[in-house]
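Student: I'd like to practise reading a structure from the outside in. Could you walk me through it?

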Amino acid sequence: MKSIREIYKIGKGPSSSHTMGPERAALLFQQRYPQATFFQVTLYGSLSKTGVGHGTDRVLKDTLGEDRTKIVFS
């Protein structure tokens with residue numbers, strides 16, 4: 001039986017749904033391309049429309065590096 005902590009996870013930011021997926025994707029890209037010096041992330045749909053307010057941009061920059069990440073809101 002799973003505990004409640006395994007079923008429900010809390011992400012960073014005011015909206016976990018807008019930070020957990022992007023953070024996981026950023027970690028995968030960071031692992032796949034460890035020598036990358038720059039990341040450009042393009043956000044679409046609701047992630048683009050509410051990205052700043054829900055913390056999507058912040059969690060991506062925290063994960064990939066503030067100085068090497070550019071966020072584009074499409």
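Student: Let's begin with the surface. How much accessible surface does the protein chain have, and what share belongs to carbon and sulfur atoms?

Tutor: Keep in mind that this is a predicted model. The accessible surface of the protein chain is about 5400 Å², and carbon and sulfur atoms hold 55% of that area. As for what lies beneath, 31% of the 74 residues are buried.

Student: Which order do the helices and strands follow along the sequence?

Tutor: The chain has 4 helices and 2 strands, and they run in the pattern α-α-β-α-α-β. To see how the fold joins up, look at the contacts with a separation of 6 or more: 68% of them link residues 24 or more positions apart.

Student: Now the interior. Which residues make up the largest nonpolar core?

Tutor: The general idea is that in soluble globular proteins, nonpolar side chains tend to be buried together. Here the largest nonpolar core holds 8 residues: Ala26, Phe39, Val41, Leu43, Val59, Leu60, Leu64 and Ile71. At least two residues of this core come from strand S1 (39–43), and at least two from helix H4 (56–64).

Student: Could we take one core residue from H4? Is valine 59 buried or exposed?

Tutor: Valine 59, which sits in helix H4, has a relative accessible area of 0%, so it counts as buried. You can also look across the sequence: its C-alpha atom is 8.6 Å from that of methionine 20, although the two are 39 residues apart along the chain.

Student: And what does phenylalanine 39 touch, beyond its neighbours within four places in sequence?

Tutor: Phenylalanine 39 is in contact with Phe29, Gln30, Tyr33, Leu64, Arg68, Thr69 and Lys70. One of these, arginine 68, lies in the loop between H4 and strand S2 (69–73). With the same kind of neighbours set aside, arginine 68 has contacts with Gln30, Ala36, Thr37, Phe38 and Phe39. The C-alpha atoms of arginine 68 and threonine 37 are 6.3 Å apart, with their positions 31 residues apart along the chain.

Student: Where is glycine 65 found, and is glycine 65 buried or exposed?

Tutor: Glycine 65 is in the loop between H4 and S2. Its relative accessibility is 18%, and the cut-off for buried is under 20%, so glycine 65 counts as buried.

Student: Last, empty space. What is the volume of the largest pocket, and which residues line the largest pocket?

Tutor: Rolling a probe the size of a water molecule over the atoms shows where empty space is left. The largest pocket has a volume of about 160 Å³, and its lining consists of Pro22, Ala25, Ala26, Phe29, Phe39, Gln40, Val41, Leu43, Leu47, Leu60 and Leu64. Helix H2 (20–32), S1 and H4 each give two or more residues to that lining.

Student: How many of those lining residues are nonpolar, polar or charged?

Tutor: The lining has 10 nonpolar residues, 1 polar residue and no charged ones.

Definitions and conventions:
Residues are numbered from 1 along each chain as its sequence is written. This is a predicted model: local features need pLDDT of at least 70, side-chain atom pairs count only at pLDDT 80 or more; totals for chains, interfaces and linings use all residues. Side-chain values use heavy atoms; hydrogens and water are left out. Buried means under 20% relative accessible area, exposed over 50%, partly exposed in between (1.4 Å probe, protein chains only). Contact means heavy atoms within 4.5 Å. Accessible areas come from the Shrake-Rupley method with a 1.4 Å probe; for residues, only the protein chains shown count as cover. A nonpolar core is a set of buried Ala, Val, Leu, Ile, Met, Phe, Trp, Tyr and Cys residues joined through side-chain atoms within 4.5 Å. On a 1 Å grid over the protein atoms alone, a cavity is a set of points where a 1.4 Å probe fits but cannot get out, and a pocket is an open set with protein on both sides within 12 Å along at least five of seven lines; lining residues have an atom within 4 Å of a point. Grid points are joined across faces, edges and corners, and a volume is the space filled by probe spheres set on the points. Ala, Val, Leu, Ile, Met, Phe, Trp, Tyr, Cys and Pro count as nonpolar, Asp, Glu, Lys and Arg as charged, and the others, Gly among them, as polar.
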